Amino acid sequence: MLKLPLCPYCEARFLYRQVQESRHQKTIICPHCNNKIKIYRKFEYVFGLFMVLALIGLNWLFLTVPTMNLWFLLAVTAIGVVVLYFLLPYAVRFRKTRERETHS
Ligand SMILES: [Zn+2]
């Protein structure tokens with residue numbers, strides 16, 4: 001389910017760093033085939049929401065432990081947020097932009 005996106009035209013692999021840098025743009029140009037790629041971030045939002053809910057659930061679960069302290073909860077939450085941040089590029093997908101915008 002989680003994997004780095006491929007170019008929809010030539011199926012070239014993108015490096016983690018390239019995805020991380022380009023995911024805030026609307027479109028990018030594939031360095032292999034020079035085609036315009038649309039960045040599709042819907043899965044990223046779904047995945048982010050899922051992770052946040054999982055973290056809240058985890059914290060809630062830990063709160064039922066009598067010896068639990070706040071620092072442990074904060075540490076768990078911080079680790080969760082960091083993991084989420086580094087996993088987000090794996091939820092990005094690339095789509096073809098609308099083709100034949102010019103004459104046929
Ligand atoms: Zn390509």
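Tyrosine 90 counts as partly exposed, at 27% relative accessibility. In this predicted model, its ring pairs with that of tyrosine 16, with the centres 5.6 Å apart and the planes at 40 degrees. The model also holds a zinc ion, coordinated by Cys7, Cys10, Cys30 and Cys33. The mean pLDDT of the protein is 90.

**Aromatic pairs**

- The count of aromatic pairs comes to 5.
- The pair of tyrosine 16 and tyrosine 90 is tilted, because its plane angle of 40 degrees falls between the limits of 30 degrees for stacked and 60 degrees for edge-to-face.
- Tyrosine 16 belongs to helix α1 (residues 16-22), while tyrosine 90 sits in the loop between α3 (70-87) and β3 (93-96), so the pair ties together parts that are 74 residues apart in sequence.
- The C-alpha atoms of tyrosine 16 and tyrosine 90 are separated by 8.1 Å.
- Tyrosine 16 is partly exposed, and its relative accessible area is 25%.
- Leaving aside neighbours within four places in sequence, tyrosine 16 is in contact with Leu4, Tyr85, Phe86, Pro89 and Tyr90.
- Tyrosine 85 and phenylalanine 86 form an edge-to-face pair, with ring centres 5.6 Å apart and planes at 85 degrees.
- Tyrosine 85 is partly exposed at 44% relative accessibility, and phenylalanine 86 is partly exposed at 45%.
- Both Tyr85 and Phe86 appear among the contacts of tyrosine 16.

**Charge over a ring**

- The charged end of arginine 95 sits over the ring of tyrosine 40, at 4.3 Å from the ring centre.
- Arg95 is also one of the residues that isoleucine 37 touches.

**Zinc site**

- The donor atoms of the zinc ion are the SG atoms of Cys7, Cys10, Cys30 and Cys33, at 2.2 to 2.3 Å.
- The 4 donor atoms subtend angles of 105 to 116 degrees, which makes the arrangement tetrahedral.
- For comparison, the ideal angle for four tetrahedral donors is 109.5 degrees.
- Along the chain, the donors follow the spacing C-x2-C-x19-C-x2-C.
- Cysteine 7 lies in the segment before α1 and cysteine 33 in the loop between β1 (27-29) and β2 (36-40), so this pair ties together parts that are 26 residues apart in sequence.
- Cysteine 7 is buried, at 1% relative accessibility, whereas cysteine 33 is partly exposed, at 26%.

**Buried residues outside the zinc donors**

- Isoleucine 37 has its place in strand β2 and counts as buried, at 0% relative accessibility.
- Not counting residues up to four places away in sequence, isoleucine 37 touches Cys7, Pro8, Tyr9, Phe14, Lys26, Thr27, Ile28, Cys30, Phe94, Arg95 and Thr97.
- Two names in that contact list, Cys7 and Cys30, are also zinc donors.
- The C-alpha atoms of isoleucine 37 and arginine 98 are separated by 9.4 Å, and these residues are 61 residues apart along the chain.
- Arginine 23 is placed in the loop between α1 and β1.
- Although its side chain is that of an arginine, residue 23 is buried, with a relative accessible area of 3%.
- Beyond residues up to four places away in sequence, arginine 23 touches Ile39, Arg41, Glu44, Tyr85, Leu88, Pro89 and Val92.
- Tyr85 and Pro89 are among the contacts of arginine 23, and they are also among those of tyrosine 16.

**Positive phi angles**

- Glutamate 11, in the segment before α1, has phi near 60 degrees, a positive value in a residue other than glycine.
- Glutamate 11 is exposed, with a relative accessible area of 58%.
- Asparagine 34 likewise has a positive phi, near 60 degrees, and is a residue other than glycine.
- Asparagine 34 lies in the loop between β1 and β2 and counts as exposed, at 61% relative accessibility.
- Cysteine 33, a partner in the zinc site, is placed in the loop between β1 and β2 as well.

**Confidence**

- A pLDDT of 70 or more is reached by 93% of the residues of the protein.
- Among the elements, helix α2 (residues 42-63) has the lowest mean pLDDT, at 92, and β1 has the highest, at 94.

Key
Residues numbered from 1 in each chain as written. Predicted model: local features only at pLDDT ≥ 70, side-chain atom pairs only at ≥ 80, totals over all residues. Heavy atoms only, no water. Phe/Tyr/Trp six-rings, centres within 6.5 Å; stacked < 30°, edge-to-face > 60°. Helix = DSSP H or I, 4+ residues; strand = E, 2+ residues; numbered from the N terminus. Buried < 20%, exposed > 50% of the residue type's maximum accessible area, 1.4 Å probe, protein only. Lys NZ or Arg CZ within 6 Å of the ring centre and 35° of its normal. Donors = N, O, S within 2.8 Å, 3.2 Å for Na, K, Ca; no water. Tetrahedral: all angles 85-135°; square planar, octahedral: opposite > 155°, others 65-115°. pLDDT = per-residue confidence, 0-100. Contact = heavy atoms within 4.5 Å.
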